[in-house]
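I opened a fresh page for this one and worked through it in the viewer. Here are my notes, in the order I wrote them.

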Amino acid sequence: MADEIDFTTGDAGASSTYPMQCSALRKNGFVVLKGRPCKIVEMSTSKTGKHGHAKVHLVGIDIFTGKKYEDICPSTHNMDVPNIKRNDYQDLLKLISYMLLPLDDGVRLCIPNFMAWWTSELRPPQLD
């Protein structure tokens with residue numbers, strides 16, 4: 001059968017980027033420059049010329065590599081903005097530090113799971 005559908009991989013259909021007008025972008029926001037997700041560190045807008053659009057000059061730092069990228073686009077054009085979700089785990093680490101239960105010969109670590117508590121006994125190495 002030549003029209004078989006391959007279901008071995010798939011996704012939820014969510015896009016990794018969404019469009020935003022270039023003039024609506026702000027410093028410390030995020031944008032895709034040269035195909036890389038970047039944090040905007042500099043942004044300047046030039047005035048409209050005699051026969052053209054106002055231009056926006058963007059300078060961004062790649063969020064993964066730290067490399068600097070630049071781009072110039074008309075202020076009325078759309079740019080891709082990456083969908084970024086940031087999670088802060090500092091409170092989780094505090095919570096875990098309270099769940100270290102001392103034992104006579106080690107420590108028991110208790111971590112909450114969605115349905116139950118996961119427990120593991122951590123024992124120090126035996127010294128000869």
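**Asp62 and its partner**

I began with Asp62, which counts as buried, since its relative accessibility is 2%. For the record, this is a predicted model.

Next I asked what Asp62 pairs with. I found a salt bridge to Arg36, with the closest N and O atoms 2.6 Å apart. The two residues sit in distant parts of the chain, Arg36 in strand β3 and Asp62 in strand β4, 26 residues apart. I then looked up how covered Arg36 is: its relative accessible area of 29% makes Arg36 partly exposed, because partly exposed runs from 20% to 50%. I also looked for further salt bridges, but the structure holds one.

**Around Tyr69**

I listed the contacts of Tyr69, leaving out residues up to four places away in sequence. Both salt-bridge partners, Arg36 and Asp62, turned up there. The list also has Leu33, Lys34, Cys38, Leu58, Val59 and Gly60.

**The hairpin**

Several of those names sent me to β2 and β3. Strand β2 covers residues 30–33 and strand β3 residues 36–45, and I see them paired in the antiparallel sense over four bridges. Leu33 stands opposite Arg36. The two strands make a hairpin with two residues between them, and Lys34 in the turn has a positive phi of about 55 degrees.

**The core**

Which residues make up the largest nonpolar core? I noted 12 of them: Cys22, Leu25, Val31, Leu33, Cys38, Ile40, Val56, Leu58, Tyr69, Cys73, Met79 and Val81. Strands β2, β3, β4, β5 and β6 each give two or more residues to this core. So Tyr69 belongs to the core and also touches Asp62, which is buried at 2% relative accessibility.

**On the surface**

I turned to the outside and found a nonpolar patch of Ile63, Phe64 and Ile84, with about 300 Å² of accessible area together. Phe64 lies in the loop between β4 and β5. Is Phe64 buried or exposed? Phe64 counts as exposed because its relative accessibility is 64%, and the cut-off is over 50%.

**Whole chain**

Last, I wrote down the overall figures. The protein has one helix and nine strands, running β-β-β-β-β-β-α-β-β-β from the N terminus on. Of its 128 residues, 20% count as buried. The protein exposes about 10500 Å², with 55% of that supplied by carbon and sulfur atoms. Among contacts between residues at least 6 apart in sequence, 37% join residues at least 24 apart.

Technical notes: Residues are numbered from 1 along each chain as its sequence is written. This is a predicted model: local features need pLDDT of at least 70, side-chain atom pairs count only at pLDDT 80 or more; totals for chains, interfaces and linings use all residues. Side-chain values use heavy atoms; hydrogens and water are left out. Buried means under 20% relative accessible area, exposed over 50%, partly exposed in between (1.4 Å probe, protein chains only). Contact means heavy atoms within 4.5 Å. Accessible areas come from the Shrake-Rupley method with a 1.4 Å probe; for residues, only the protein chains shown count as cover. Two strands pair if DSSP finds at least two bridges between them. Patches are made of residues with over 30% relative accessible area and no salt bridge: like charges are joined within 9 Å, nonpolar side chains (Val, Leu, Ile, Met, Phe, Trp, Tyr) within 5 Å. A salt bridge is a side-chain nitrogen of Lys or Arg within 4 Å of a carboxyl oxygen of Asp or Glu. A nonpolar core is a set of buried Ala, Val, Leu, Ile, Met, Phe, Trp, Tyr and Cys residues joined through side-chain atoms within 4.5 Å.
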